[in-house]
Amino acid sequence: PEFEPPLLILYEYLLDGARTKTRYKTSVIRMREGHEERVGEWQDAQREFNITPALRHQTDLNAVVAFFHARNGPQYAFKIRDPLDYSATAEYVHTGDESRTVFQLIKRYTSGLPGDTYYTIRPIVLPDTPIQLFLNGVLQSTGYTINYTTGVVTFTTPPGSGVALTWTGEFDIPVRFGIDELDVSVEGFDVYSFGSIDLTEIPID
């Protein structure tokens with residue numbers, strides 16, 4: 001699917017004050033002996049945003065209402081930037097083997113001490129142009145294509161054996177409205193307020 005650029009006023013709302021939530025889905029099974037068995041059901045976390053905009057004027061109201069209607073509420077997705085997590089710098093992707101040409105952009109989240117490190121890998125979708133790709137630290141300007149929806153990189157020639165692929169750039173996330181109703185209040189002449197606006201991250205198949 002094609003994701004239209006975000007409504008800038010919604011991004012301003014995120015910067016102006018919003019609650020963000022990062023959610024994993026894990027099944028916890030309590031054994032008879034008291035031990036737990038934990039099974040992660042999602043490969044990646046889901047991000048949610050809760051926006052409560054301050055008082056706005058007619059121009060802002062018209063833009064948000066039109067944007068909400070154009071997407072039939074939560075039916076159609078769009079992209080937006082998470083103000084807390086939208087970039088990667090020299091992020092390691094994979095090491096070449098002289099045969100593989102297709103790679104998924106990823107970002108690692110690491111915690112712990114040396115020798116006792118935990119990390120999770122997040123596939124990056126909706127990378128923002130331009131993305132910089134490096135092979136063993138050397139910037140590549142040709143010889144590859146990037147799918148700017150899926151974040152998949154395809155090289156014309158496979159990277160050599162032992163050659164590290166890294167990337168630097170910014171990215172958005174695909175979201176939909178998490179509400180079926182847009183709540184608007186008239187506070188005075190040309191002054192309006194919105195109820196809570198929820199945005200929910202969706203997967204890209």
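Student: What is the strand order in the open sheet of four strands?

Tutor: Keep in mind that this is a predicted model. Reading across the sheet, you go S6-S14-S10-S11, with antiparallel pairing.

Student: Which strands are the edge strands there?

Tutor: Look for strands that pair on one side only; here those are S6 (87-95) and S11 (138-140). On average, neighbouring strands of this sheet are turned by 30 degrees against each other, direction ignored.

Student: How many bridges join S10 and S11?

Tutor: Three, in the antiparallel sense, with S10 covering residues 127-135. Want a residue to click on? Phe134 has Leu139 in S11 as its bridge partner.

Student: Now the open sheet of three strands: what is its order?

Tutor: That one runs S7-S13-S12, again read across the sheet, and the pairing is antiparallel. S7 (102-104) and S12 (144-146) each have a single partner strand, so each leaves one side without a neighbour in the sheet. The average turn between neighbouring strands of this sheet is 20 degrees, direction ignored.

Student: Where does Val102 fit in?

Tutor: Val102 sits opposite Thr154 in S13. Strand S13 spans residues 152-155, and S7 pairs with it over three antiparallel bridges.

Student: On to pockets. What volume does the largest pocket have?

Tutor: About 420 Å³. Its lining counts 19 residues, and the closest to the centre are Asp44, Glu201, Ile202, Pro203 and Ile204.

Student: Which strands each supply at least two residues of that lining?

Tutor: Strand S9 (116-123) and strand S15 (173-177) do. Sorted by class, the lining of the largest pocket comes out as eleven nonpolar, four polar and four charged residues.

Key:
Residues are numbered from 1 along each chain as its sequence is written. This is a predicted model: local features need pLDDT of at least 70, side-chain atom pairs count only at pLDDT 80 or more; totals for chains, interfaces and linings use all residues. Side-chain values use heavy atoms; hydrogens and water are left out. Two strands pair if DSSP finds at least two bridges between them. Axes are lines fitted to C-alpha atoms, for helices over the stretch in contact, and angles run from 0 to 180 degrees between N-to-C directions. On a 1 Å grid over the protein atoms alone, a cavity is a set of points where a 1.4 Å probe fits but cannot get out, and a pocket is an open set with protein on both sides within 12 Å along at least five of seven lines; lining residues have an atom within 4 Å of a point. Grid points are joined across faces, edges and corners, and a volume is the space filled by probe spheres set on the points. Ala, Val, Leu, Ile, Met, Phe, Trp, Tyr, Cys and Pro count as nonpolar, Asp, Glu, Lys and Arg as charged, and the others, Gly among them, as polar.
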